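This report describes the sheet, the helices packed on it and the nonpolar cores of one protein model. The sequence and the structure are shown first.

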Amino acid sequence: MFIGEYNHTLDDKSRLAVPVKFRVVLAKGAVVTKGLDGCLFLYTKNSWSELSDKLAKLPISQANTRAFSRLMLAGAMDVSLDKQGRIILPDYLKKYAGLKKKVIVAGLMNRLEIWDEEKWEKYKGDTEKSSEDISEALGDLAI
């Protein structure tokens with residue numbers, strides 16, 4: 001289970017150190033892909049397999065299904081940790097997420113999200129301002 005918020009830095013070779021507490025879980029490899037809201041998603045191999053299986057079962061006759069599958073699957077890249085616990089982020093994913101030097105790694109249960117620090121702070125601030133409205137809207141989900 002991934003939880004928490006961690007400040008990290010991308011080095012000049014596009015390497016990102018994964019938070020120490022998550023390295024064991026990701027040691028067998030991981031998949032990074034285009035995420036939602038302008039970030040990247042990082043999945044364990046098992047979580048990625050579960051997600052891709054679900055995507056494969058969606059009806060390709062629906063435009064939204066095709067678009068979401070393309071976003072997630074065509075944008076994906078296998079990554080592995082080096083001896084220092086770092087992954088290399090491909091340039092096309094860095095560009096997609098607008099990643100500069102300072103990044104935030106946020107744990108969200110079955111995935112990590114990788115955000116540009118400035119974008120994360122803006123997103124988090126906007127979300128926190130709307131937290132009451134969001135919780136009202138989610139009331140039907142019994143949360």
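Leaving aside neighbours within four places in sequence, which residues is Ile114 in contact with? In this predicted model, the contacts of Ile114 beyond that range are Leu16, Val32, Cys39, Leu40, Leu42, Leu89, Leu99, Val103 and Ile104.

**Nonpolar cores.** Ile114 belongs to the largest nonpolar core, which has 20 residues; together with Leu42 and Leu89, Ile114 touches the most other members. At least two residues of this core come from each of β3 (30–34), β4 (40–44), α4 (91–97), β7 (102–109) and β8 (111–116). Separate from it is a second core of 12 residues, with Val31, Met72, Ala106 and Trp115 among them.

**Sheet.** Six strands form an open sheet with antiparallel pairing, in the order β1-β7-β8-β4-β3-β5. Because β1 (2–9) and β5 (77–79) stand at the edges with a single partner strand each, one side of each has no neighbour in the sheet. On average, neighbouring strands are turned by 25 degrees against each other, direction ignored. Within the sheet, β3 and β4 run antiparallel and are joined by 5 bridges. Opposite Leu42 of β4 stands Val32.

**Helices on the strands.** Two helices that lie across strands are listed below.

| Helix | Residues | Strands crossed | Angle |
|---|---|---|---|
| α3 | 63–74 | β3 and β4 | about 130 degrees to β3 |
| α5 | 117–129 | β1, β7 and β8 | about 105 degrees to β8 |

Helix α3 thus lies across the pair β3 and β4, the strands joined by 5 bridges, whereas α5 lies across β1, β7 and β8.

Methods. Residues are numbered from 1 along each chain as its sequence is written. This is a predicted model: local features need pLDDT of at least 70, side-chain atom pairs count only at pLDDT 80 or more; totals for chains, interfaces and linings use all residues. Side-chain values use heavy atoms; hydrogens and water are left out. A nonpolar core is a set of buried Ala, Val, Leu, Ile, Met, Phe, Trp, Tyr and Cys residues joined through side-chain atoms within 4.5 Å. Buried means under 20% relative accessible area, exposed over 50%, partly exposed in between (1.4 Å probe, protein chains only). Helices (H or I, at least four residues) and strands (E, at least two) are DSSP runs, numbered from the N terminus. Contact means heavy atoms within 4.5 Å. Two strands pair if DSSP finds at least two bridges between them. Axes are lines fitted to C-alpha atoms, for helices over the stretch in contact, and angles run from 0 to 180 degrees between N-to-C directions.
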